[in-house]
Structures are given as C-alpha cells and as structure tokens.
Amino acid sequence: MSAQRRDDVDAVVLVGGKGTRLRPLTLSAPKPMLPTAGVPFLTHLLSRIKAAGVDHVILGTSYQAEVFSEYFGDGASLGLDLEYVIETEPLGTGGAIGNVAHLLRGSTAMIFNGDVLSGCDLSALLARHERAQADVTLHLTKVSDPRAFGCVPTDPDGRVTGFLEKDPDPVTDQINAGTYVFTREVVESIPVGRPVSVERETFPQLLESGAMLVGYVDSTYWRDLGKPSDFAAGSADLVRGLAPSAVLAGRTGEALVLEGCAIAPDATLTGGTTVGRGCTVGSGAVVIGSVLFDGAVVAAGARITDSIVGTDARIGEGSVLCDVVIGDRARIGRNVELLAGARVWPEVELPDGGVRFSADR
Ligand code: GDD
Ligand code: MG
C-alpha cells in the first residue's frame, strides 16, 4: 500500500510509559522495544505510519529514552524523519503531546499510543477528521470488556458525547483505540510543564468547552499489547498474518524462526511462535503461541504455551509453562510447572521438579 504523501501531517508516538504490567521484561527494555515477530514492536507501527504517507515522526520518550534513538537513529532506514523528545519526569499522555508542539511542521497531528497493534486505515481516519472539520478525531473500536480502556460514547452522527477512562461500569462497549488526529491548535492548547492525562483531563475539558470531537469506528484488527497475554497473542497474530504489518509482508506462517537457531527435527513450533536469534529447542519440545527472546534454550520435552521467555533464559527438560513470563537469564529446572500469570524475575533459578506455581491476574 502506498498512500499519497502527507507533508501537512506530523505523527507523534507516545512511548514514555514504564510498561509496569509487562515486568520483568520491561526492566531491560521499554515496552515498544520488546521484540514481536522478530523486530521491536514499534517497527510495525512506524511502518504503518510511513505507509500512510506521513514521514515526520516525533517520539515522546521518558522511560529508557536512549534505547529508542540507539535503535532507530534518524529513522532513515524506515524512510522516516524521526525526532525524539525526552521528558525528564513523565508528563503523562496529554503532557507528552503538548510537549512536542514546538516540533510540529504541519496543521494536523496524528497521535499514537505506542503499544497498540491495529489495522486501522490511517488515511480513512484522516479523511474522517477533515470531512468533519473536527478539533479531534478518535479511532474507536468495540471490545468485549471495556473496563480497562477509555469508554467513548458517540451520538448517531458520530460525535463524541463523553470520555470515561477505565470506568468500572461502562456505558458502551465502544472504546478509545489509542490513535487520534488533533488540529495543531488543540496540541498547542495543552498546558506545558506539568503532567496532564489526555484521557482524564484534555478530552473531558474539550468536550466541556463544546469542541468538536468525532469518532472513527471500525472493526479491523485491534489489540493493546500492555499485558503479557496480549503481548504473546499480538506477536503470534503478527507471525500468522492475522494482524497486519508492512514489515512482515509475505513472511507469515505458524512460526517464525530467526537466524542461528538449533531446532530439533521433532520439536513442534506452532500457533505463531517466534524463536529469537540463536535459540535452542530440544527434542520433542512443543512451543505454541509464544515468544522466545534471543538466546533462549528450551530443553527436550518442555512444553510452552502462550508465554514469553526472556533473553538467554533456560527452560529445563519436561517443564510445562502456560501463560507465563520468564525474565532474562532465568533458569527453570526440569519438570517445573508454571501456570496462569506466573512471572519469574531475571536470573532467578527454580530447582528441578516439585515447583508448581500459578498466579491470578
Ligand atoms: N511520553 C510519554 N509520557 N508517554 C506515556 C506516558 C508519559 O508520561 N505515560 C504513558 N505513555 C504512553 C505509553 O508508553 C503508551 O504507549 C501510551 O502512552 C498509553 O499508555 P498505557 O499505559 O499503555 O495506557 P492504557 O493502555 O492503560 O490506556 C490507554 O490506551 C487505551 C488503548 O490501548 C488509554 O489511552 C485508554 O483510553 C485507551 O483505551
Ligand atoms: Mg496500553
């Protein structure tokens, strides 16, 4: 897909969150830099922005800010003109947007939460904004449990009538999908120099003042990768081609095995599993819908489902893991069972057998 170039549009990607729900993986890398389908997650989003014809991208960073610029540099490898803004103290989602106002070049800004995997047609979102002559246009989607998101009711014309962040008793299943179009004036109106939540402060105040907020509702692929089960599922969906990514075009299948791996011929890799560089998977091992970071070792007969295994971690023979996170360089002994939300911190060693751990989330 190559869209018409949009020099009048800047993209702003919010990547300053601490990724708390993905600990311990986010102790060593910020959430948007964790590998999904073989590349840092942010690569998929940046490629979508490029494909929509927008070249100028500003990353609003805070937590582990340098990791982004060390990897993406000036953005030339993606055909982008990439700039970075570092918040010494996190400014919140709204503060981060206001903080980049001085770098905007065009009349319109597309703002992205940096942890969303989506098939939203960005050109159509822009067109909706322009047609409605809106102050803000929000991408909205419908989910089965809206409580963890921003709940956004609209009227029959698609005009936003409320914004209720993380409401325990949501009035609609229609939620903020984390991609917005703002006029430059709205970006410039956000107070600077203090934390601001776009969800709890900016949107409610704009509605209060009578500003024109419209929703763009679609039913394309959508997932927030903020928690481990969604991170593993999102990565698996990318590998299987269920989630769109310009980066992976034509390279999808049941598993993605990166270079330098030693995979036993009778091991089973399926469900969109990614096996990172230099991994070892032993005889009879089964890995389903999971992400193995670089250098991970899965010994013979182990069975790993819907889980994330950190860099250079080792899973012992016959161990069973389901819906868990294993930190970098952790050592899991033989015949260990880890289930339902268990997390093992980096470098922790679990002895052979006898351990059965599950955590509720
Ligand atoms: N620069 C910067 N500074 N970025 C931040 C900050 C900050 O202080 N705080 C959070 N972010 C970034 C995160 O890195 C992430 O990419 C994005 O802002 C959203 O933060 P999350 O912590 O992931 O929020 P959430 O998932 O609970 O809720 C948000 O996203 C949902 C959709 O995925 C809200 O916008 C909800 O309304 C929305 O439904
Ligand atoms: Mg999120």
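Mentor: A helix here is a DSSP run of H or I with at least four residues, numbered from the N terminus. The model is predicted.

Trainee: In which helix is the place of G92?

Mentor: The helix in question spans residues 92-98. G92 belongs to that run, which is helix α4.

Trainee: Is G92 buried, partly exposed or exposed?

Mentor: Buried means under 20% relative accessible area and exposed means over 50%. G92 has a relative accessibility of 36%, so it counts as partly exposed.

Trainee: Which residues is G92 in contact with, leaving aside its neighbours within four places in sequence?

Mentor: Contact means heavy atoms within 4.5 Å. R194 is 102 residues from G92 in sequence, with 8.6 Å between their C-alpha atoms. Once the neighbours within four places are left aside, the contacts of G92 are E87 and V196.

Trainee: Which residues are the protein donors of the magnesium ion (ligand 2)?

Mentor: The donors lie 2.1 to 2.3 Å from the ion, and each gives an OD atom. One sits in the loop between β6 (108-113) and β7 (116-118), the other in strand β13 (residues 222-224), so the pair ties together parts that are 109 residues apart in sequence. The donors are D115 and D224.

Trainee: Are D115 and D224 buried or exposed?

Mentor: The cut-off for buried is under 20% relative accessible area. D115 has 9% relative accessibility, so it counts as buried. D224 has a relative accessible area of 18%, so D224 too is buried.

Trainee: How far apart do the C-alpha centres of domain 1 and domain 2 lie?

Mentor: The domain assignment gives domain 1 as 9-228 and domain 2 as 254-357. In the contact, 13 residues come from domain 1 and 16 residues from domain 2. The distance between the two C-alpha centres is 33 Å.

Trainee: Which three residues supply 47% of the area that domain 1 buries against domain 2?

Mentor: About 1,000 Å² is buried between the two domains, and carbon and sulfur atoms give 70% of that area. On the side of domain 1, no other three residues supply more than P24, L25 and P228.

Trainee: Which helix gives the largest share of the side of domain 1 that touches domain 2?

Mentor: That share is 3 residues. The helix covers residues 25-28 and is helix α1.

Trainee: How many salt bridges does the rule find across the interface of domain 1 and domain 2?

Mentor: Polar contact and salt bridge are counted separately here. Between domain 1 and domain 2, 4 residue pairs are in polar contact, both residues at pLDDT 80 or more. For salt bridges across this interface, the count is 0.

Key. Residues are numbered from 1 along each chain as its sequence is written. Chains are lettered from A and ligands numbered from 1 in the order in which they are written. This is a predicted model: local features need pLDDT of at least 70, side-chain atom pairs count only at pLDDT 80 or more; totals for chains, interfaces and linings use all residues. Side-chain values use heavy atoms; hydrogens and water are left out. Donors are N, O and S atoms within 2.8 Å of the metal (3.2 Å for Na, K and Ca); water is not among the atoms, so sites may look incomplete. Helices (H or I, at least four residues) and strands (E, at least two) are DSSP runs, numbered from the N terminus. Buried means under 20% relative accessible area, exposed over 50%, partly exposed in between (1.4 Å probe, protein chains only). Domain bounds come from an automatic or database domain assignment. Buried area is the accessible area (1.4 Å probe) that two parts lose on being put together, summed over both. A salt bridge is a side-chain nitrogen of Lys or Arg within 4 Å of a carboxyl oxygen of Asp or Glu. A polar contact is a pair of N or O atoms within 3.5 Å; within protein, one must be able to donate a hydrogen and the other to accept it, and residues adjacent in sequence count only if both atoms are side-chain atoms.
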